[in-house]
Every structure is written in structure tokens, then in C-alpha cells.
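Welcome, and please take a moment to turn the model around on your screen before reading on. The paragraphs below lead you through it one stop after another.

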Amino acid sequence: MLQQQLLDDLALANTHELVENVRIKYLGRKGLITNLAKETDFSKLSADEKKDFGQKLNELKNFATEKLQEAAERVAATATPVNKRLFDLTIPGSHRAFGAMHPISMVQLELEAIFEGMGFTVLDSPEADTEYSNFESLNVPADHPARDMQDTFWLTNGMVLRTHTSSNQVRALKRFGAPFRGIFPGRCFRYEAIDPSHENTFFQCEGLMVDENISVAHLIGVMKTLLGEVFKRDVKVRLRPGFFPFVEPGFELDLNCLFCEGSGCPTCKQSGWIELIPCGLVHPVVLEHGEIDAKRYSGFAFGLGLTRLAMMKYGIRDIRYFNSGDVRVLEQFAPVL
């Protein structure tokens, strides 16, 4: 039965691709002939029955291989040689589109180079993380009101889609100890309303520096160096008090809106400022979770929004473009040859 079915299929296969499809159908890893051995319960067969079955299966495989080879030779014999094909030289050539990096990827690579120049290590971390890493190790226990600040995606296995790449802080401190300088770029997730400046999927770059006698002055110095390198110009920033359980004191570093120069626009919600970098000095509880002596060492941490930074750098006014899948957005970043 399979032999006749194979012959019928090969009779309709008039191209190399169709012959290959027939081969996969019968002799592939999940092919009809291959599955004969997998579906047979050999424990119920006698020794003679097993021998007879194996002999017939080999004959069927050899038959299929022979007929497939004949079909491939038939198709090759009837194919039109390339040098005899007719070409219309008046038809315009095909347009070759050049690929482009996503603007967020471009910003991330640039930041990694800048921070590596300042002695920071670039580390990765899982997007689906434990509740301990994302919350508890960062001084946010289950009953802490700060959890209400982050609308969170929970998985059925109890894991959480990280709401910030800060989830790698304690993991890195346990692995490398102090002193430590590192950044953790990556994608984050929060269940929140989407508008021109907010998305439920965004990219962040968490930074952490722990050493002896670290102060707010070190934090400001690193941030000023970073933004100056990114924008290739002097930028106006401000620090205002901010609450984040894993830093004390905590700050919000705002960037003067580069679209309206501070006069107010939809991107900055008419305020003239873009909320860019939550930051502060690492809370002693976080250092203790990271097995660091909080009496000897101190540090600062910051969470830089890569998505918003890309908006500022490339003049993209609506954050929704980044995840839209609109090729026209990426075409603007294709290399000019």
C-alpha cells in the first residue's frame, strides 16, 4: 500500500523541491516508513516475526530510496539548462533593501561601550525571574506598598516577568563581591496603559557601583559623563527626591526635553522635563542580601531608560513606534552606501 502511495506521489513531483517533500514524507525523521518501526510493539513479536518485519522494512526503504533517486534524475533531465533560459534584459533589476539595527539596540551598544570605558562590566540576566530577585532582595517584601507602584506580569509557575533589570543587583554582588562596577541592560515588562511616552514592554539599563566611600558625588559624575557622551552636547539635568526601596536616599534625574527645549510638548507632558534616570545610594539591606559588608562598603545604583533615551537621541516622539513592527521606522536607520 505504501509502495503504490509513494509511486503516486512521485508521479506528481516535477521539481526538485517536490521530490524532496516526498522524501521527507516517507523517509524523514517522522516519515511514514520511518514511523513503521517506531509504532510497532516488538515485545509482542516472536523472534521469527521480528526478523520478517525487519527484512520487509529494509526492502521497503530500499524501494523508496531507489524510486526517489529515479524521480530526482527524471526531474534533472527535464530541467531547462540555465544557459538556454530566456532573459528580458529590459526589466529593471530587483531592489535590494539593506537591513538596519533597531534604534534601541544602537543606543544599548553605545552605552555598553561608554560604560566599559569607565570600567563597568556588562552582564545579562533572565527576563523571567524569581520573586526574590525582582522584589524581596531589593528591600520590597510582599507586604511593601512599593509593589503597588509596579503593575506586574506573573507567570503560572510563580515566576515574574522582571519589572526592572535591578533584579540582577544581588545576583551580581553574590557572584563578584565588592568592589564592583556593572551594568545590566535588557527588556522589562509592566502592565500599564500605553501612551506616547509609556509602554508595557520597554528596555532599561541598570547600573551598580559598590566600593568604599561611594557618595552622591560619584553618582552625579558618572551620570554627567554618560549623558554628555550619548548626546554629544551639554545637557541640562535636575535631581529631585524620589522613593525607591532599594536606594536611600533616592533621586529622580530628569533631562531637559530635547524636543521642546523645556517649553513643553506632548512627549514631556508639557512639563519641559523627561523622567530619565531613577537613582540613589544602595540601601544597606540590598548590600546585606548581596553578602556585602554594609559598614565597609557603599554604592550607587541607577535605572536608565534605554527606550526613552533612544527617543531623545533620534528624535522619535512616540514610544509606540519601537514595538510597532513598522519597517518604515527601521528604514530610517539603514546604512547609507
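Let us begin at a proline: Pro 249 is part of strand β7. The bond that leads into this residue deserves a look, for Glu 248 and Pro 249 are joined by a cis peptide bond, with omega about 0 degrees. Please keep in mind that what you see is a predicted model. There is another cis bond to find, from Ala 178 to Pro 179, where omega is near 0 degrees. Pro 179 is placed in a loop, the one that runs between α7 and β4 (180-189).

Strand β7 also leads us to the inside of the model. It spans residues 247-256 and is one of the elements that give two or more residues to the largest nonpolar core. The others are the helices α5 (103-117), α8 (216-231) and α10 (306-314), together with the strands β5 (201-211), β8 (273-282) and β9 (298-305). This core has 44 residues, and those that touch the most other members are Leu 111, Phe 231, Ile 277, Leu 304 and Leu 309. Which element gives the largest share of this core? That is α8, with 7 residues. A second core, separate from this one, has 18 residues, and Leu 123, Phe 180, Phe 184 and Ile 292 are among them.

Next, find Phe 231 in the larger picture of its surroundings. Setting aside residues up to four places away in sequence, Phe 231 touches Leu 255, Leu 258, Leu 309, Met 312 and Lys 313. Several of these names return when we look at how two helices meet. The axes of α8 and α10 are 10 Å apart, and the helices pack at an angle of about 45 degrees. An angle of that kind makes α8 oblique to α10. From α8 come Leu 227, Val 230 and Phe 231, which meet Leu 309, Met 312 and Lys 313 of α10. Sorted by class, this contact has 5 nonpolar residues, 1 charged residue and no polar ones.

Helix α8 has a further neighbour to show you. Ile 114 sits in helix α5, and it counts as buried because its relative accessibility is 13%. Not counting residues up to four places away in sequence, Ile 114 touches Leu 226, Glu 229 and Val 230. Now follow the chain onward to Ser 324: it is 210 residues from Ile 114 along the chain, and the two C-alpha atoms are separated by 29 Å.

From here, go to Asn 168, in the loop between β3 (160-161) and α7 (169-176). Is this residue buried or exposed? Asn 168 is buried, since its relative accessible area is 3%, and the cut-off for that word is under 20%. Apart from neighbours within four places in sequence, Asn 168 is in contact with Leu 123, Asp 124, Ser 125 and Phe 184. Two of these names may be familiar, as Leu 123 and Phe 184 are included in the second core.

Two loops hold backbone angles worth a visit. Asn 139, in the loop between α6 (131-134) and β3, has phi near 65 degrees, a positive value in a residue other than glycine. Glu 291 lies in the loop between α9 (284-289) and β9, and its phi is near 60 degrees, again positive in a residue other than glycine. With a relative accessibility of 62%, Glu 291 counts as exposed.

Our last stop is toward the start of the chain. Helix α1 (residues 2-11) packs against helix α2 (residues 16-27) at an angle of about 165 degrees, and their axes are 10 Å apart. The two helices are therefore roughly antiparallel to each other, and α1 passes α2 in a right-handed crossing. On the α1 side the contact is made by Leu 2, Gln 5, Leu 6, Asp 9 and Leu 10, while α2 brings Val 22, Lys 25 and Tyr 26. By class, these residues divide into 5 nonpolar, 1 polar and 2 charged.

Finally, look for Leu 45 in the loop between α3 (32-39) and α4 (47-78). It counts as partly exposed, at 26% relative accessibility. Beyond its neighbours within four places in sequence, Leu 45 is in contact with Thr 40 and Lys 50. Leu 109 is 64 residues from Leu 45 in sequence, and 63 Å separate them in space, C-alpha to C-alpha.

Technical notes:
Residues are numbered from 1 along each chain as its sequence is written. This is a predicted model: local features need pLDDT of at least 70, side-chain atom pairs count only at pLDDT 80 or more; totals for chains, interfaces and linings use all residues. Side-chain values use heavy atoms; hydrogens and water are left out. Axes are lines fitted to C-alpha atoms, for helices over the stretch in contact, and angles run from 0 to 180 degrees between N-to-C directions. Helices (H or I, at least four residues) and strands (E, at least two) are DSSP runs, numbered from the N terminus. Angles under 35 degrees count as roughly parallel, over 145 as roughly antiparallel, 65 to 115 as roughly perpendicular and the rest as oblique. A crossing is left-handed if the near helix is turned anticlockwise from the far one by less than a right angle, and right-handed if clockwise. Contact means heavy atoms within 4.5 Å. Ala, Val, Leu, Ile, Met, Phe, Trp, Tyr, Cys and Pro count as nonpolar, Asp, Glu, Lys and Arg as charged, and the others, Gly among them, as polar. Buried means under 20% relative accessible area, exposed over 50%, partly exposed in between (1.4 Å probe, protein chains only). A nonpolar core is a set of buried Ala, Val, Leu, Ile, Met, Phe, Trp, Tyr and Cys residues joined through side-chain atoms within 4.5 Å.
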